[in-house]
Amino acid sequence: MLDSIPSFARLVAELAKFPGIGQKTATRLAFFVLRQATGEVEALAGAIRDLKQKVRFCSVCFNITEADPCPLCTDPGRDDRLLCVVEQPQDLIAIERSRSFRGRYHVLHGALSPLDGVGPEDLKVAELTARLGQGAVEEVLVATNFTVEGDATALYLSRLVRPLGIRVTRPAHGIPMGSDLEFVDDATVNRAVEGRREI
C-alpha cells in the first residue's frame with residue numbers, strides 16, 4: 001500500500017535507519033510529520049541540515065561542538081589536573097548534568113570489544129595518551145559504562161595510565177536511589193556489597 005506513495009515510503013525507510021526505530025514507529029513518525037504545518041517540517045529539516053553542517057568533534061576532547069576547541073576545553077574554571085574519560089558524548093552530557101565533575105573530558109567514541117573487532121586503534125586512545133604526555137593530568141576518572149566492554153576498556157586504560165604515575169579512578173556504582181533490593185540484578189547487588197563503606 002505505502003509503496004504506491006514513494007515520498008512517504010522513502011521517509012519511512014529513512015526514519016527506520018535510526019537506532020531503536022522499527023518499521024511501525026517509523027510509519028507513525030512519518031504520519032506525524034505529514035500532519036505538521038509546513039513551517040514546522042521545514043524547521044525540522046533545517047535543524048538536521050544545521051547539525052550536519054555545523055557540529056563536529058572537538059580536536060582536544062572529541063566531544064561534539066560547533067566551536068573548536070569546545071567550550072568545556074576552553075573554560076578557565078575547569079581543573080586541568082582531572083580528566084574524565086567516557087565512551088560517548090552522551091555520557092559526558094550525563095556527567096555534566098549531574099554537576100559533580102569540574103575537570104576536563106576525553107571521549108573515546110566507543111569501548112573495546114574484541115568480538116566486534118573494536119580495538120584500541122579504533123578508539124581515541126592514542127589521542128588520550130598524547131594528552132596525558134603533556135604532564136598536567138594527575139587523575140584519570142575512567143567513566144566507561146558498567147558493561148563487559150566498558151569494564152574491559154577501564155581495565156585496559158588503567159594498565160596504560162598507571163605506569164605514567166597518574167592516579168586512575170572509577171565512579172562508584174551500585175544500587176540506584178529509590179530501588180528495592182528485590183528488583184535489583186545480582187551483579188549490581190554484588191558490586192554494591194563489595195564496594196560497601198563505613199557509615
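Val118 is partly exposed, with 25% relative accessible area, and you'll find Val118 in the loop between strand 4 and helix 6. Keep in mind that this is a predicted model. Beyond that loop, the main thing to look at is an open sheet of four parallel strands, along with helices that pack on it, including helix 7. A few backbone oddities and a nonpolar surface patch round out the tour.

**Around Val118**

- Leaving aside residues up to four places away in sequence, Val118 touches Ala111, Leu112, Ser113 and Leu123.
- Val118 and Val142 are 24 residues apart along the chain, and 18 Å separates their C-alpha atoms.
- Why does Val118 count as partly exposed? Its relative accessible area is 25%, and the partly exposed class runs between the buried limit of under 20% and the exposed limit of over 50%.

**The sheet**

- Walking across the open sheet, you meet the strands in the order 4-3-5-6, and the pairing is parallel.
- At the edges sit strand 4 (103-107) and strand 6 (167-169), each pairing on one side only.
- Neighbouring strands in this sheet are turned by 25° against each other on average, ignoring direction.
- Strand 3 pairs with strand 5 in the parallel sense, over four bridges.
- Strand 5 (residues 139-142) is also joined to strand 6 by three bridges, and these two run parallel as well.

**Strand 5 up close**

- Leu141 makes a handy landmark: Cys84 stands opposite Leu141 on one pairing, and Thr169 in strand 6 stands opposite Leu141 on another.
- In a regular strand, side chains alternate between the two faces of the sheet.
- Which way do the strand 5 side chains point? Glu139 and Leu141 go one way, Val140 and Val142 go the other way, and all are buried.

**Helices on the sheet**

- Helix 6 (residues 125-132) lies across strand 3 (79-86), strand 4 and strand 5.
- The direction of helix 6 is at about 155° to strand 4.
- Helix 7 (residues 148-161) packs on the sheet too, touching strand 3, strand 5 and strand 6.
- Helix 7 makes about 170° with the direction of strand 5.

**Backbone oddities**

- As background, most residues other than glycine have a negative phi, and most peptide bonds are trans.
- The peptide bond from Asp68 to Pro69 is cis, with omega near 0°.
- Pro69 lies in the loop between strand 2 (64-65) and helix 4 (71-74).
- Phe62 has a positive phi, near 70°, though it isn't a glycine.
- Look for Phe62 in the loop between strand 1 (56-57) and strand 2.
- Arg99 also has a positive phi, near 55°, and is likewise not a glycine.
- Arg99 belongs to the loop between helix 5 and strand 4.
- Are these two loop residues buried or exposed? Phe62 counts as buried because its relative accessibility is 11%, while Arg99 is exposed, with a relative accessible area of 76%.

**A nonpolar patch on the surface**

- Phe57, Ile64 and Ile93 make a nonpolar surface patch of about 280 Å².
- Ile93, one of the patch residues, sits in helix 5 (residues 89-98).
- Ile93 has 41% relative accessibility, so this residue counts as partly exposed.

Technical notes: Residues are numbered from 1 along each chain as its sequence is written. This is a predicted model: local features need pLDDT of at least 70, side-chain atom pairs count only at pLDDT 80 or more; totals for chains, interfaces and linings use all residues. Side-chain values use heavy atoms; hydrogens and water are left out. Two strands pair if DSSP finds at least two bridges between them. Axes are lines fitted to C-alpha atoms, for helices over the stretch in contact, and angles run from 0 to 180 degrees between N-to-C directions. Contact means heavy atoms within 4.5 Å. Patches are made of residues with over 30% relative accessible area and no salt bridge: like charges are joined within 9 Å, nonpolar side chains (Val, Leu, Ile, Met, Phe, Trp, Tyr) within 5 Å. Accessible areas come from the Shrake-Rupley method with a 1.4 Å probe; for residues, only the protein chains shown count as cover. A salt bridge is a side-chain nitrogen of Lys or Arg within 4 Å of a carboxyl oxygen of Asp or Glu. Buried means under 20% relative accessible area, exposed over 50%, partly exposed in between (1.4 Å probe, protein chains only).
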